[in-house]
Each structure stands twice: as structure tokens, then as C-alpha cells.
Amino acid sequence: RAVLAADVQRRSRPQFATKMSPEASTEAQKASEDGNAQAPKKKRTYERPKPWDHDGIDHWKVDPFRPEDNLGGTFLEASEFATLFPKYRETYLRESWPLVERALKEHGVRATLDLVQGSMAVCTTRKTWDPYIILKARDLIKLLARSVPAPQAVKVLQDDVQCDIVKIGGMVRNKERFVKRRQRLIGPNGATLKALELLTQTYILVQGNTVSMMGGFKGLKTARRVVEDCMKNVHPIYHIKELMIKRELSKDEELAKENWERFLPKFKRKNMKTRKVKETKKKDYTPFPPPQQPRKEDLAMETGEYFLAPKEKKWQAKQDKLKKQSTKVAAKKVKREEAFVPPKEEKSKKNANAGGKKDAGPSTEEMVKSLKSKKRKTREVVNGSGADPATFILTSVKSGQDTHEDGKHGKDSSKKSKKHKHKNAGS
């Protein structure tokens with residue numbers, strides 16, 4: 001009864017119209033007149049102007065935290081972080097650990113080095129006054145494990161220095177490609193890495209499957225983008241050119257507040273493989289269906305296999321199988337014997353020119369004819385019949401020279417023969 005009474009009372013309650021501002025009522029009236037009756041837009045409360053936020057504020061700036069800023073006092077519970085380090089870092093960490101302990105003691109953080117388990121740990125104490133310093137100490141031991149020198153790693157405890165460790169090991173599957181891209185990030189003699197450090201104002205160290213970076217938030221964001229793009233096959237030189245242009249534009253007061261898109265270079269990929277679109281020829285439309293394909297039974301009837309007995313069918317199938325096997329065996333045998341076939345011998349140039357026979361020289365008949373012609377010429381010259389005095393003198397001089405050379409050659413040959421005989425006798 002009570003529930004029914006409450007329901008009746010609710011239904012009988014008059015519904016009052018919501019009050020609207022005069023501006024909203026006029027807008028609603030205009031919309032109804034135009035025929036497009038729309039509800040008035042709600043005011044966006046989150047877009048109100050904030051008096052504490054203006055253009056003069058540098059959002060990247062990190063204000064320092066002093067002991068006076070800690071109004072809460074000491075912490076209720078201790079926070080601890082630990083990390084492992086590789087075996088090859090053991091000797092260096094043992095030498096540089098006093099420096100790390102001294103730096104952390106200033107902030108009230110205790111550091112322990114366990115050489116047995118190969119781990120480093122940091123923990124807050126009763127003297128710790130900065131609530132965020134334990135996270136900075138955690139980053140410090142991470143950087144030390146990633147081969148960052150201790151004097152450089154200690155700088156991460158400063159308020160304006162942050163760190164970021166990019167894991168590049170799983171970005172590229174192929175090991176050779178990964179090594180090439182990692183070397184591309186370093187550059188020849190570390191030139192590319194040094195240029196990135198100067199432009200982003202960060203410290204970058206490439207070690208194994210990670211890239212350790214230290215610096216401001218803005219520089220770390222830029223450096224991370226460059227490293228990830230390098231692993232995605234985008235050369236760092238493109239980013240370096242863009243950063244150099246941005247640095248020069250930021251110096252100009254007039255262009256500092258303008259859009260820099262028109263000044264920045266736009267690089268296009270030139271080695272992109274264009275996919276060849278296959279041209280598919282459309283078949284001519286026909287309203288008739290394609291002809292019906294024959295069944296297996298129809299094909300068997302044509303060849304006559306359909307009417308054979310079951311035994312005969314088995315025998316036929318066996319014969320076909322043996323025939324296919326024999327052809328395959330013969331083909332494999334020919335392929336195996338190809339290795340034992342001797343290669344064709346190439347004919348030498350001399351033999352090829354001579355038609356496969358040795359150069360026998362001029363025949364005896366040709367030699368006799370040439371000698372007779374020479375003898376006839378000499379007789380004519382000696383007798384003086386049909387010869388000029390100039391030709392007679394030239395021939396006589398040449399013949400004298402030939403006889404002189406023949407004499408010399410004879411003497412040399414006789415000397416050589418004597419020496420040869422002497423050697424044989426001695427032996």
C-alpha cells in the first residue's frame with residue numbers, strides 16, 4: 001500500500017518547466033522559426049581561461065626541490081629498487097662504487113652492491129627528504145648496468161636531468177640488418193651520434209640491444225624518435241637536417257611564433273617498389289551456360305575400361321604404374337650418368353686454323369721452284385744481262401753481309417758444341 005501511494009503521489013505531482021536565460025530563449029525561438037529546432041549547446045566548463053597558465057610559462061622547465069619544500073617530514077615506509085648487472089661490469093663497479101655512494105648520501109639514499117648475486121640496490125632512509133629521489137636512484141643503477149660511466153650516470157640525480165632507455169633489440173628481426181642499422185645510428189667514428197647529442201643537448205650511449213639517453217624532457221623525446229625511426233630504416237641524417245633548420249629558425253624572433261612547415265625539408269622514398277597491376281581481360285558475356293564436363297564413367301566408357309572385369313582393371317592399373325616407374329627410373333639414371341660424361345675438349349687456335357693438323361710448312365715442290373727462281377736471278381745479275389748497275393751493287397753488298405753473318409753463326413755454334421762436349425766429359 002505504501003509503495004502504491006508513493007507512486008500515485010509521484011504521478012500526480014505537476015512538472016515544472018526549466019528556466020532558460022533570455023539569450024538561450026531567443027536562440028531557441030529563432031531555431032523553431034527556421035524549422036530546425038535544436039537544443040541549446042551546453043557551455044564547456046573545462047575550456048575556461050586559467051589565470052595561472054599563460055604563454056610566458058615554460059612547460060618543459062623543472063623547478064628544483066629543496067629540503068625546505070618537504071613539509072610532510074620523513075617517510076612512513078622505506079622504498080627499495082634493485083637491478084642486475086652483467087659480469088663484465090663487476091670490476092668497474094667495484095672501483096667506482098664509492099663515488100656512487102657519496103652522490104646518493106647527499107640525498108639520504110642508501111646504496112648496496114652485491115657482487116655474489118651480481119645486483120645493485122638503492123633504498124630510502126630516515127634522512128631522505130625528496131620523495132622523487134628514489135626513482136632517480138633507480139635510473140642511476142639502471143644506467144650503470146647499461147655501461148654508462150659513473151661520473152656521467154651520477155648527473156641523473158639533478159632535477160633538470162632525466163634518463164630514457166630505448167630497447168632496440170626486438171625492433172628488427174634479422175640480426176645482420178639490426179647490426180647495420182645500429183651502426184648507422186652511431187655513424188663513421190661516432191659522428192652521427194655526436195651530432196645528435198649536440199642538437200638534442202643529450203648524452204646518448206649505444207650498448208648492445210639498448211640505447212641509453214640522458215638530458216631534458218624535450219631532448220629525450222626528440223632523440224627517442226630519431227632512434228626508433230633509425231630502426232625502422234629511416235636514416236638519422238634526415239632528422240639531423242630537420243633539427244639544424246629548426247635551431248636556426250628558433251633564433252629568429254619573427255619566425256619563432258610562425259609555422260615552420262614550409263621551411264622543413266620533405267623527403268620522399270625513392271627505393272619503393274611499385275607493384276605492377278595485373279591487367280585482367282574480361283571475358284565476353286554469354287547468356288548460355290558452359291558445356292557440361294564429362295564424368296569419370298563417360299571417360300572410362302570411351303577408353304573401354306568401364307566394361308573390363310575387376311581383375312583386368314587391377315592388372316591395367318598395375319601396368320600403368322610400372323610404366324610410370326620405368327620412365328622415372330630411366331630419367332634418374334640419365335641424370336646420374338651426366339656427372340660421368342667427360343667434357344668436350346676445346347681445340348687450340350693453331351690446331352683450329354690448321355684444320356686439326358700440324359703446320360707442315362711449304363711442300364718440296366714449292367721449295368725447289370723458289371730455289372730455281374733465286375738461282376736464275378743471281379745468274380742474270382752476275383752476267384749483267386737485263387740488270388741495272390745500282391741493283392747489281394745492292395745485291396752484291398747484301399750477299400756479302402749474309403756470308404759474313406753465316407760465318408759468325410758458324411763460329412758461335414762450333415764454340416757451343418765444344419763447351420757441351422767438355423761438360424759431358426767432366427760429368
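Entry 1. Terms and overview.

I take partly exposed to mean a relative accessible area between the buried limit, under 20%, and the exposed limit, over 50%. With that fixed, I looked up Asn 233: its relative accessible area is 40%, so I enter Asn 233 as partly exposed. I note that the model is a predicted one.

I then took stock of the chain. I find 14 helices and six strands in its secondary structure. Of its 427 residues, 22% are buried. Among contacts with a separation of 6 or more, I record that 56% join residues 24 or more positions apart.

Entry 2. Helix 4.

I checked the length of helix 4, which runs over residues 133-145. Its 13 residues, at 1.5 Å each, should span 18 Å, and I find the end C-alpha atoms 19 Å apart, so expectation and model agree.

How many residues of helix 4 are buried? I count 10 of the 13, and I describe the helix as mostly covered. The buried set opens with Ile 133 and Ile 134 and continues with Lys 136, Ala 137, Asp 139, Leu 140 and Ile 141. Leu 143, Leu 144 and Ala 145 complete the buried set.

Entry 3. The nonpolar cores.

I looked next at where nonpolar side chains gather. In soluble globular proteins, nonpolar side chains tend to be buried together. The largest nonpolar core here has 29 residues. I list Leu 104, Met 120, Val 122, Leu 140, Leu 144 and Met 214 as the residues with the most contacts inside this core. Two or more residues each come from helix 3 (90-105), strand 2 (109-114), strand 3 (119-124), helix 4, helix 5 (150-153) and strand 5 (202-207). Which element gives the largest share of this core? I find that it is helix 4, with eight residues. Apart from this core I located another, of 20 residues, including Val 166, Val 211, Val 227 and Ile 240.

I followed Met 214 further, leaving aside its neighbours within four places in sequence. Its contacts include Leu 143 of helix 4, and also Val 148, Gln 152, Ala 153, Lys 155 and Val 156. Val 161, Gln 162, Cys 163, Thr 202, Tyr 203 and Leu 220 are likewise in contact with Met 214.

Entry 4. Loop residues.

Most residues other than glycine have a negative phi, and most peptide bonds are trans. I therefore looked up the exceptions in phi. Ser 147, just after helix 4, takes a positive phi of about 70 degrees, although Ser 147 is not a glycine. I place Ser 147 in the loop between helix 4 and helix 5. Is Ser 147 buried or exposed? Its relative accessible area is 16%, under the 20% limit, so I enter Ser 147 as buried.

Asn 233 also has a positive phi of about 70 degrees without being a glycine. I place Asn 233 in the loop between helix 8 and helix 9 (236-251).

Lys 155 sits in the loop between helix 5 and strand 4 (162-167). With a relative accessible area of 39%, Lys 155 is partly exposed. Beyond its neighbours within four places in sequence, I find Lys 155 in contact with Val 161 and Met 214. I also note that the C-alpha atoms of Lys 155 and Gly 215 are separated by 9.3 Å, with their positions 60 residues apart along the chain.

His 107 belongs to the loop between helix 3 and strand 2. Its relative accessible area is 16%, so I enter His 107 as buried. Its contacts, neighbours within four places left aside, are Thr 128, Trp 129, Ile 133 and Leu 157; Ile 133 is one of the buried residues of helix 4.

Entry 5. Helices 6, 8 and 9.

Two packed helices are described by the angle between their axes and the distance between the axes. For helix 6 (residues 175-186) and helix 8 (residues 217-231), I record about 145 degrees and 9 Å. Their crossing is right-handed. From helix 6, Phe 178, Arg 181, Arg 182, Arg 184 and Leu 185 meet Val 227, Cys 230 and Met 231 of helix 8. I sort the residues of this contact into five nonpolar, no polar and three charged.

Lastly I checked helix 9. Its 16 residues should span 22 Å at 1.5 Å a residue, and the end C-alpha atoms lie 23 Å apart, which agrees. Pro 236, His 239, Ile 240, Glu 242, Leu 243 and Leu 249 are its buried residues. I find that these buried residues pack against helix 6, helix 7 (191-200) and helix 8.

Notes. Residues numbered from 1 in each chain as written. Predicted model: local features only at pLDDT ≥ 70, side-chain atom pairs only at ≥ 80, totals over all residues. Heavy atoms only, no water. Helix = DSSP H or I, 4+ residues; strand = E, 2+ residues; numbered from the N terminus. Expected span 1.5 Å × (residues − 1). Buried < 20%, exposed > 50% of the residue type's maximum accessible area, 1.4 Å probe, protein only. Axes fitted to C-alpha atoms, helices over the stretch in contact; angles between N-to-C directions. Left-handed = near helix turned anticlockwise from the far one by under 90°. Contact = heavy atoms within 4.5 Å. Nonpolar A, V, L, I, M, F, W, Y, C, P; charged D, E, K, R; others polar. Core = buried A, V, L, I, M, F, W, Y, C linked by side-chain atoms within 4.5 Å.
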